[in-house]
Amino acid sequence: MSSSLVVCEVDESLKEKLKKLRFRKETSNAAILMKIDMVKQHVIIEEEYEDISLEDLRNELPERQPRFIVYSYKYVHADGRVSYPLCFIFSSPMGCKPEQQMMYAGSKNRLVQVAELTKVFETRNADDLTEEWLKNQLSFFN
């Protein structure tokens, strides 16, 4: 299986929203929650959030369905510097239908490529989505 395999296309309106998120001027956390339209086989926006913590975002995730999240995070470094990394999080909880899991896993790389993201994380347990978890993931990029 080639890494260029595209299972689902990225919706045009989603591409625009991702671009706007990348260049936003606000300093609060923000997120775009995405899902796959199984009929059209497109990655689409499910919801957009402004000023949302990772813990609150976790509560918005469905229990047994995968989701993609792009999260603009206000990251305060140990030395006091502040950065705003754009993080891609693939949430694929245990108990998902295998065909759903395959559709999401097969579409992830294309979405990451379209969104031009480098900080890509994955979790099988939504309970992992805490600020401590994210800081730990981001520590590899310092």
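1. A105 is partly exposed, because its relative accessibility is 46%. The residue sits in helix α3. Its C-alpha atom is separated by 8.6 Å from that of F90, a residue 15 positions away along the chain. The model is a predicted one, and the remarks below should be read with that in mind.

2. The helix that holds A105 also lies across the sheet. Helix α3 lies across β1, β2, β3, β4 (67-72), β7 (86-91) and β8. Against β7, helix α3 runs at about 170°.

3. The sheet itself is open and has six strands, in the order β1-β3-β2-β4-β7-β8. Its pairing is mixed. The edges are formed by β1 (9-10) and β8 (119-123), each of which pairs on one side only.

4. At the β1 edge, the partner strand is β3, and the two run parallel. Two bridges join β1 to β3. In the register of the strands, E9 stands opposite H42 in β3.

5. Helix α3 also packs against a helix. Residues 12-22 form α1 and residues 98-115 form α3; their axes are 10 Å apart and the packing angle is about 50°. An angle of about 50° falls outside the ranges for roughly parallel, roughly antiparallel and roughly perpendicular, and α1 and α3 are therefore oblique to each other.

6. Which residues in α1 and α3 meet? From α1 the contact takes L14, K15, L18 and R22; from α3 it takes L111, V114 and A115. By class, the contact of α1 with α3 has five nonpolar residues and two charged ones, with no polar residue.

7. K15, listed above for its contact with α3, also has a charged partner in E12. The side chains of E12 and K15 meet in a salt bridge, at 3.1 Å from N to O. Both residues belong to helix α1 and are three residues apart, so about one helical turn separates them. E12 is exposed, because its relative accessible area is 56%, whereas K15, at 24% relative accessibility, counts as partly exposed.

8. A second salt bridge within a helix is found in α4 (residues 131-138). Here K135 and E131 meet through their side chains at 3.9 Å, N to O. That value lies within the 4 Å cut-off for a salt bridge, so the pair is counted. K135 and E131 are four residues apart, which means a separation of about one helical turn. Both count as partly exposed: K135 has a relative accessibility of 34% and E131 a relative accessible area of 31%.

9. What does the salt bridge between R24 and E50 tie together? The closest N and O atoms of R24 and E50 are 2.8 Å apart. R24 lies in the loop between α1 and β2 (30-37), while E50 is in strand β3 (residues 42-50), so the pair ties together parts that are 26 residues apart in sequence. R24 counts as buried, because its relative accessibility of 15% is under 20%.

10. The pair of R24 and E50 is part of a wider arrangement. R24, E26 and E50 are linked in a network of salt bridges. How many salt bridges does the structure hold? The total is eight; among them are the pairs E12 with K15, K135 with E131 and R24 with E50.

Technical notes. Residues numbered from 1 in each chain as written. Predicted model: local features only at pLDDT ≥ 70, side-chain atom pairs only at ≥ 80, totals over all residues. Heavy atoms only, no water. Axes fitted to C-alpha atoms, helices over the stretch in contact; angles between N-to-C directions. Parallel < 35°, antiparallel > 145°, perpendicular 65-115°, else oblique. Contact = heavy atoms within 4.5 Å. Nonpolar A, V, L, I, M, F, W, Y, C, P; charged D, E, K, R; others polar. Buried < 20%, exposed > 50% of the residue type's maximum accessible area, 1.4 Å probe, protein only. Pairing = 2+ DSSP bridges.
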